[in-house]
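Trainee: Could you teach me how to read a structure, one feature at a time?
Mentor: Gladly. Let's look at it together.

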Amino acid sequence: MFPGTANVNFMGRFSPDGTRFCYILGDDSGHNEVYVAEFTGVGEEVQLYEISMVSIPGGTFRMGDIQGGGWSDERPVHTVRISAFEMSAYEITQGQYEAVMGENPSSFRGANHPVEQVSWYDAVKFCNKLSELSGLEKCYDESTWECDFSKNGFRLPTEAEWELSLIHI
């Protein structure tokens, strides 16, 4: 999982009801893997869900409508500089979402299928809950829905981070 690494860092905690355990394994280079374990009962098999993270290098790029046919909020084209960040390599699955949130709102069921029927607010709550289970600071204030970018927890990528990630994937 962490080739050529002498040190592996571990951080984790149980949910308040004791049914879920979330932990992060990281190495000295800053690479992290997030795992959520769901316990169904004493002596029962533990379901483990991995959230693979990828490092997106920082960079500068031109953001906006460079072809001239887009929406007014895509103009003027401007230069954006983004610091390096990590994000999930894949969409969050129904199994991962249910392991963190305790419910699955999806219509088309399957533990390995992407979770759907989730609003932006639901996604923010998922990020905060995953942060809490991982022992990290929540990024979002759920009364104002504002993100505190100085916190170390999980959050949704900004539009600029999303566009930069598409350049690097």
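Trainee: Is N128 buried or exposed?
Mentor: This model is predicted, so keep that in mind as we go. A residue counts as buried when its relative accessible area is under 20%. N128 has a relative accessible area of 1%, so N128 is buried.

Trainee: Where does N128 sit, and which residues is N128 in contact with?
Mentor: N128 belongs to helix α2. Setting aside neighbours within four places in sequence, the contacts of N128 are K138, C139, Y140 and E142.

Trainee: How do I get a view of the protein chain as a whole? Which elements does it have, and in what order?
Mentor: Walk along the chain from the N terminus and note each element. Here the order is β-β-β-β-β-β-β-α-α-α, which gives 7 strands and 3 helices. Then ask about burial: 34% of the 169 residues in the protein chain count as buried.

Trainee: What can I say about the surface of the protein chain?
Mentor: The accessible surface comes to about 10,400 Å², and carbon and sulfur atoms hold 51% of that.

Trainee: And how much of the contact pattern comes from residues far along the sequence from each other?
Mentor: Take the contacts in the protein chain with a separation of 6 or more. Of these, 40% are between residues 24 or more positions apart.

Trainee: How do I read the packing of two helices, such as α1 and α2?
Mentor: Start with the axes. Those of helix α1 (residues 94-101) and helix α2 (residues 120-133) come within 9 Å and cross at roughly 65°. The crossing is left-handed. Next, look at who makes the contact: α1 brings Q96, Y97, V100 and M101, while α2 brings D122, K125, F126, K129, L130 and L133. Sorted by class, that contact has 6 nonpolar, 1 polar and 3 charged residues.

Trainee: Why does the contact list skip along a helix?
Mentor: Here is the general idea. An α-helix has 3.6 residues a turn, so residues three or four places apart point the same way.

Trainee: Why can α1 be called largely enclosed by the rest of the structure?
Mentor: Count its buried residues. In α1, 6 of the 8 residues are buried, so α1 is largely enclosed by the rest of the structure. The buried residues are Q94, G95, Q96, Y97, A99 and V100.

Trainee: What comes right after α1?
Mentor: G102 follows, and its phi is positive, near 80°.

Trainee: Which residues have a positive phi although they are not a glycine?
Mentor: Q117 is one of them, with a phi of about 65°. W145 also has a positive phi of about 65° without being a glycine. Now place them: Q117 is in the loop between α1 and α2, and W145 is in the loop between α2 and α3.

Trainee: Are Q117 and W145 buried, partly exposed or exposed?
Mentor: Exposed means a relative accessible area over 50%. Q117 has 52%, so Q117 is exposed. W145 has 25% relative accessibility and therefore counts as partly exposed.

Trainee: How do I compare distance in sequence with distance in space? How far apart are C147 and V124?
Mentor: Give both numbers side by side. C147 and V124 are 23 residues apart in sequence and 9.2 Å apart in space, C-alpha to C-alpha. C147 lies in the loop between α2 and α3. Beyond its neighbours within four places in sequence, C147 is in contact with C139, Y140 and R155.

Trainee: What about E86 and P57?
Mentor: They are 29 residues apart in sequence, with 8.6 Å between their C-alpha atoms. E86 lies in strand β7 (residues 85-88) and is partly exposed, with a relative accessible area of 25%. The side chain of E86 also makes a polar contact of 3.4 Å with the side chain of S55.

Trainee: Let me finish with E161. Which side chain does E161 make a polar contact with?
Mentor: The partner is the side chain of R155, at 2.7 Å. E161 sits in helix α3 (residues 159-168) and counts as buried because its relative accessibility is 8%. Not counting residues up to four places away in sequence, E161 touches I82, F85, R155 and L156.

Methods:
Residues numbered from 1 in each chain as written. Predicted model: local features only at pLDDT ≥ 70, side-chain atom pairs only at ≥ 80, totals over all residues. Heavy atoms only, no water. Helix = DSSP H or I, 4+ residues; strand = E, 2+ residues; numbered from the N terminus. Buried < 20%, exposed > 50% of the residue type's maximum accessible area, 1.4 Å probe, protein only. Polar contact = N/O pair within 3.5 Å; in protein donor to acceptor, adjacent residues only side chain to side chain. Contact = heavy atoms within 4.5 Å. Areas by Shrake-Rupley, 256 points an atom, 1.4 Å probe, with all protein chains shown as cover. Axes fitted to C-alpha atoms, helices over the stretch in contact; angles between N-to-C directions. Left-handed = near helix turned anticlockwise from the far one by under 90°. Nonpolar A, V, L, I, M, F, W, Y, C, P; charged D, E, K, R; others polar.
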